[in-house]
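Work through the following exercises with the sequence and the model open. Each task is followed by a stepwise solution.

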Amino acid sequence: MAVETKGTIVSNRNIQADYFRLEIHCPPIAQPVKSGQFVMLRAAPGPSPLLKRPFSVYQRYSVRHPDPGRRGNLVIIYRRVGKGTERMTQLKRGEEVELIGPLGNGFRLPPLPSSKNMILIGGGVGIVSLFSLAGASSPEKLFVFVGGRTKEDVLCLSDFRKVTRHVHVATDDGSLGFKGTIVDLFRSEKKRFDGKDTWYVYSCGPMAMLKGLSEAVSSKPFMCQASLETRMACGFGACYGCVVKTKDPETPYHRVCKEGPVFDLQDILWD
Amino acid sequence: MVKTTGNPDVSTSLGRMKLKNPVMVASGTFGFGEDHRDFLDLNQLGAIIPKGVSLRPVPGNPPPRLFETEGGILNSIGLQNPGLDVFVNEKMPFLRTLDTCVIVNFFGNSDKDYIELAERLNEVPGISGLEMNVSCPNMSRGGIVFCTDPRMTYELVRDVKKATALPLVVKLSPNVTDITAMAKSVEDAGADAVSLVNTFRAMAINIHSRKPELANVFGGLSGPAIKPIALRMVWEVSQAIKIPVIGIGGITKAEDALEFVLAGASAVQVGTANLVRPTTGMEVVRGIRKYLLRYHMDRFQTLIGLSKKTLLPQI
């Protein structure tokens with residue numbers, strides 16, 4: 001069950017270029033939150049910006065974590081893009097933020113028992129929501145594809161490299177790894193996944209990336225879930241503002257915050 | 001010494017409809033109640049107005065449907081709703097369990113739609129009243145928006161009134177030349193109360209893509225940005241008509257609600273703020289109680305229109 005609450009800033013630091021890592025003490029959300037769920041956060045005490053913004057949870061620490069300083073904490077990775085996130089960069093240890101969470105339906109893990117072949121594909125800040133899945137596979141069966149416009153936009157590489165040696169990187173400008181989109185890179189590597197085993201693909205990124213990916217993983221051996229990013233007002237289902245068009249003939253527009261943010265990629269109807 | 005305890009009477013009435021307190025939640029900002037129940041005790045609200053319902057399901061507008069502007073939100077949801085049958089069979093059972101008033105907001109695209117809805121909702125148990133959204137195009141009259149034509153609105157409200165025994169609130173649009181003229185025709189047609197205002201037709205353009213921010217180009221502006229205009233309209237309308245007025249527009253705290261009440265509103269609706277802080281409605285009720293205690297007042301209803309009374313010439 002989601003709660004409306006406050007969280008206390010533990011740390012807030014610039015990790016690279018316009019990206020920041022924010023650690024918040026908030027046990028009522030950190031304890032129950034699952035992979036792929038998100039929180040709505042508002043940093044400003046004043047009237048502007050008005051709405052909270054959705055953020056995926058990068059890491060969470062249980063209330064029984066061995067390090068007492070970490071217990072009940074959430075970690076969010078955010079990019080400075082507008083007024084709201086600009087204000088967030090100024091948050092100091094001990095300050096409070098308004099939060100609602102945990103929200104939405106998280107990722108569904110591969111059925112057990114299974115070979116747990118997993119592929120994580122993230123574009124830009126989208127990769128953040130996939131990190132919590134890394135532990136659900138084994139290092140040999142986990143493949144990670146991280147993309148960004150430039151090397152400055154490729155996130156969390158060192159964290160992924162700690163869990164698997166199969167980390168592939170693409171940048172649009174070729175400043176790091178493969179030159180091209182992350183979907184292009186995945187396509188070029190696709191053959192290695194041929195076989196009778198199912199590969200569970202988890203993805204998050206801009207709509208254009210997910211549209212490309214949906215073609216690349218439309219047939220066996222892939223089963224693909226995607227976490228979508230759309231403009232949201234409430235984050236908990238009340239406003240119907242964040243919808244995405246699906247193949248559902250009766251109710252085509254599904255709420256990303258409530259029915260999602262994770263969808264089977266094949267259920268999305270692209271323009 | 002400010003009195004901080006006690007139990008002032010915060011009930012109010014909208015004609016025949018009695019509310020335990022004057023704070024309702026506006027249609028379209030509260031889903032069907034289910035989404036907010038994690039966050040607050042819905043029974044503490046004066047009334048719940050679920051998302052507008054139509055005869056048949058409405059898929060809604062293509063995204064993007066939202067854009068935040070300075071102090072407000074533009075939305076073009078397009079009245080997405082599952083239609084009357086699903087509303088009655090799947091949404092009402094939960095709403096009926098609540099110990100507060102449920103006022104059902106409804107809309108159509110022809111007189112016939114509105115009348116059929118009013119007739120059918122009249123038979124549904126657990127509904128305290130109806131709120132009519134008249135900011136929709138009349139498809140049998142070339143798409144003219146009902147509420148922009150006082151005559152058309154008069155006839156519609158008169159016919160809907162005949163179709164239901166439930167108290168009828170008409171929700172007025174601010175996108176008219178003279179909102180008091182609309183309010184008067186609605187009163188003449190027999191409405192039990194009016195609620196105002198609905199959203200302001202507005203837009204935003206992205207200067208980089210050079211396209212409108214909303215797929216629908218236009219949307220409705222709500223939130224704190226509209227409050228002063230809504231307040232002025234509530235002041236004018238409550239002076240022009242005798243039926244109760246419900247104030248809506250950018251209420252985020254008790255102080256905002258009190259301004260509407262002092263301007264002449266018998267009750268208020270919290271809208272956009274429900275999306276930002278789902279507990280806002282409850283906090284507004286609490287704030288109104290505190291205000292009454294602070295000024296040693298026993299009854300909320302004493303406040304209605306009080307600002308106008310202070311302006312009357314003293315004889």
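**Exercise 1: the barrel of chain B**

Task: find which strand joins strand 3 (residues 23-25) of chain B, by how many bridges, and in which direction the two run.

Solution. Strand 3 of chain B is joined by 2 bridges to strand 4 (residues 47-48) of chain B, and the two run parallel. Strands here are DSSP runs (E, at least two residues), while helices are runs of H or I with at least four residues, both numbered from the N terminus. Two strands pair if DSSP finds at least two bridges between them. Next, locate the residues: Met24(B) stands opposite Ala47(B) in strand 4 of chain B. Finally, place the pair in its sheet: a closed barrel of 8 strands in chain B runs 3-4-7-8-11-12-17-18, with parallel pairing.

The model is predicted: local features need pLDDT of at least 70 and side-chain atom pairs pLDDT 80 or more, whereas totals for chains, interfaces and linings use all residues. Residues are numbered from 1 along each chain as its sequence is written, and chains are lettered from A and ligands numbered from 1 in the order in which they are written.

**Exercise 2: the open sheet of chain B**

Task: give the strand order of the open sheet in chain B and name its edge strands.

Solution. The sheet has 4 strands in the order 5-6-16-13, with antiparallel pairing. Its edges are strand 5 (66-69) and strand 13 (200-202) of chain B, each pairing on one side only. From one strand to the next the twist averages 35 degrees; the axes are lines fitted to C-alpha atoms, with angles from 0 to 180 degrees between N-to-C directions. Within the sheet, strand 6 (residues 72-75) and strand 16 (residues 219-222) of chain B run antiparallel and are joined by 3 bridges. Ile73(B) stands opposite Ser222(B) in strand 16 of chain B.

**Exercise 3: chain A and its contact with chain B**

Task: state how many helices and strands chain A has, and what share of its residues is buried.

Solution. Chain A has 5 helices and 16 strands. Of its 271 residues, 49% are buried, that is, with 20 or more other C-beta atoms within 10 Å of their own C-beta, placed from the backbone.

Task: how many residues does each chain give to the contact?

Solution. Chain A gives 24 residues and chain B gives 30, where contact requires C-beta atoms, placed from the backbone, within 7 Å. On the chain A side, the largest share, 3 residues, comes from strand 14 (residues 243-245) of chain A.

Terms used:
Contact = placed C-beta atoms within 7 Å. Buried ≥ 20, exposed ≤ 12 C-beta atoms within 10 Å, placed from the backbone.
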